[in-house]
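Biologist: I would like a close look at one part of this model, the salt bridges, and then at what surrounds them. Please keep to what can be computed from the atoms.

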Amino acid sequence: MTANSSANVGLSTAQARERIAQYGVNAVPEERPRPFLLLLRKFWSPVPWMLEVTLVIELALGKVTQGMIIAGLLVLNALLSFLQEGRASSALALLRQRLAIQVRVLRDGQWQLILAENLVPGDVVRVRVGDFVPADLRLYEGQVLVDQSSLTGESMPKEVEPGQQAFAGSIVRRGEATGEVTATGLHTFFGKTASLIKTAAAPSHLETLIFTIVRYLVVIDLFLVAAILVYALVGGIPLFEIVPFALILLVASVPVALPATSTLASALGSLELAKRGVLVTRLSAVEEAAAMDVLCCDKTGTITSNLLCVSDLQAIPPHSQEDLLRLAALACEESTQDPIDLAILSAARQRDLIAPSTERIQFHPFDPSTKRSEAVVVQDGNTLHVIKGAPAIVEALTIGKHIPGEDVDQLASQGCRVLAVASGSAGELHLVGLIALKDPPREDSQTVLQGLAALGVRVVMVTGDGPATAQAIASQVGINGGICPPDGLRAADISAHLTCSVFAGVFPEDKYRLVEAFQQAGYIVGMTGDGVNDAPALKQAEVGIAVANAADVAKAAAALVLTQPGLSDVVAAVETGRRIHRRMLTYLLNKMIKTFQIALLLSLGLLITGVFVTTPRMVLLLLFVNDFVTMSLSADRVTFSRTPDRWRIPQLMSGAAVIASAWLLLTFAVFFVGRDTFGFDLAHLQTLVFLALVFTGQATVYLVRERNHFWSSQPGHWLLLTSAGAVLVASLLAGLGILMAPISPSLVIGLFLLVLSCAVLLDFVKVWVFQRVDLR
């Protein structure tokens, strides 16, 4: 987007109004889905589909009570998921509130302040030290040093002169300039990168998991339903009796509360992380962090502090390092806000080398055309000239000793920016030495990266800087391994480079492709970053992490936003994710065990005894009771694994089948003893079976929540409370005969003690099984 030149007079208000209608506001629009549509989506996935079909059939058969119970399950889980995600979205909206940025613009022939979003192509804008460049500008007066690290990933600032472009989102570090707006909004460099974000989307592993589990369980239940239908046809059982039974068998296999439980667990995890300064913008990322095995870590502003500092001083005799730094400081000026000058002045102050008695007569700030800065000072009554700048330029202005070329090359190979300093009289300048500056790693970076490695997360560094700088920083923070050349990520097939530990010279599209390549290779990918150039990759990654002071677009694209400097909270996010995984693993094991137990009990019970050992209504009541208890697992006390977690469905089903078989034998034993020993009729037997299912279901929760013996760790308070409530409610229903035939309190207590005794014995079997089956 370009405009006709209006460099000297600017635009009129009328012209600006016309152009804002033509080009739109100077902002990157965000898509905001309607809450009502978000709620409806909770009813559109594999789990709700099965319940919805069952609901329709139940109502068509006139089973209103059972239909209402199924509808209650649907609405309860949908509302819970919707409300929890809504709270997370509200936190994100609060985070995205940005201060209104005002800019100096020439309108109607006068300089005035307006909101940056009202800029249009053709506007004339003045930028100064500390300003954000509000739109893409072509300078025509003055020159500025701009920090484009959030756009390009380059840690070194860039000089922009008349005729050159300053991109929206960069920061003016030195100087003052006037320029014409050439592009706004999505048409800027910033906006084009943001538009790339819209094409990025991480796959939902949770949805894939739910569908896989439902498929396994439904296939098993369909086989049992087919057997029951054949039996009904042979035995002459009416279809209006067998169809509700078959439907309830299918409903019992569906993990109805899985989406809501996962949402609740992730929401509670997000609240826990928020207390540590980590804001969660996509709930699924909390659980995805458990499986993350590759973290693509941006260098500038993430591993490093994005703050230049003096890293080395090489004085040329007879000068000392103190002489070198003191003289270099004389050729610096703090008011210019030049990052190099600020770094040298800071180092000089730390060594107390700033001489207050020195009088500066003349000062020329760094000029890109001469590639040096100069100062003339009076020191101890003598006039002294000091220059600092590019080594080759400074050396050409001196006499005497020369700069050792190998010293400059060695410092440059370490990723340093090298300056030479010379001093003396106007006609006799002598070299003082070399100063190396670099963007150092954060103090906690190495510790954090070691912590991630201890958790089984492979860290690779991604940067727009050159290979020398990248390799130097990587070695300082403990990232060892090969370095991928800049053109490696632009090859047709980049899979061969995925073994590299450092990726240098990358562009925004390269980061996006790198994340995609890791995902296609089967990795769960995390990505950290702070700049606009990181945003597409942050959106594509399963776990996109925007660090503190990240650009707004990066925060909007990320799933996790850090509010404290550094990466220390990334470790906390991984640990929290793995605790959530452990809770969800307990839920799934419990659900699988109950599904096997109930499905086999209902089907085999009919095939063996010729009667329904329990009723569809009791099964639905059981589902309600179990769902409330298993949801409390989302707040259970658990430990986290030391390696990335994976969902191993076949292993889970194998372990669940063993425990379910034991409970199935016990439930059949209760039925036959009640029938043959106590002489109970079918209605009382069904109550007895219902109570046995409730008690064994509660026992299962405590068995599977711990890989060792169930008494090895203390359950969470909510789990204990809801479990006690479920046992009490079920006992009251059975004892008082509500919705079922009543049984005596002594029988209720006796059955409870029987299940408790069997649970202790079964726990030893469970430990043996879990030691041989990798359930991670």
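Which side chain meets that of R372 in a salt bridge?

Modeller: The model is predicted. The side chain of R372 meets that of E374 in a salt bridge, with 2.9 Å from N to O. E374 has a relative accessible area of 26%; because buried requires under 20% and exposed over 50%, E374 counts as partly exposed.

The structure holds 11 salt bridges. Another of them joins K388 to D341, and the closest N and O atoms are 2.8 Å apart. This pair links distant parts of the chain: K388 lies in strand 13 (residues 382-389) and D341 in helix 13 (residues 339-350), 47 residues apart. K388 and D341 are both buried.

D123 and R107 form a further salt bridge, in which the closest N and O atoms are 2.7 Å apart. D123 sits in the loop between strand 2 (110-115) and strand 3 (124-127), while R107 belongs to strand 1 (residues 102-107); the two are 16 residues apart. D123 and R107 are buried as well.

Turning to the nonpolar interior, the largest core has 125 residues, and L452, I479 and W663 have the most contacts inside it. Helix 21 (residues 568-609) supplies the largest share of this core, 19 residues. Beyond its neighbours within four places in sequence, I479 is in contact with residues including I303, L449, V459 and M461. S501 and V502 are also among the contacts of I479. A second, separate core of 27 residues includes C500, F518, A546 and A557.

A546 also belongs to strand 20 (residues 543-546), where it points the way G544 does, with V543 and I545 pointing the other way. All four of these residues are buried. Strand 20 pairs with strand 19 (residues 525-529) in the parallel sense over 4 bridges, and G544 is the bridge partner of M527. Strand 20 also runs parallel to strand 21 (residues 560-562), joined by 2 bridges; here I545 has L560 as its bridge partner.

As for confidence, the protein chain averages a pLDDT of 80, and 85% of the residues score at least 70. Among its elements, helix 12 (residues 321-330) has the highest mean pLDDT, 93, and helix 6 (residues 189-197) the lowest, 57. Over residues 1-7 pLDDT stays under 50, and the model has 20 contacts beyond four places in sequence for them. Residues 91-100 also stay under 50, with 9 such contacts.

Definitions and conventions. Residues are numbered from 1 along each chain as its sequence is written. Side-chain values use heavy atoms; hydrogens and water are left out. A nonpolar core is a set of buried Ala, Val, Leu, Ile, Met, Phe, Trp, Tyr and Cys residues joined through side-chain atoms within 4.5 Å. Buried means under 20% relative accessible area, exposed over 50%, partly exposed in between (1.4 Å probe, protein chains only). Contact means heavy atoms within 4.5 Å. pLDDT is the predictor's confidence in each residue, from 0 to 100. Two strands pair if DSSP finds at least two bridges between them. A salt bridge is a side-chain nitrogen of Lys or Arg within 4 Å of a carboxyl oxygen of Asp or Glu.
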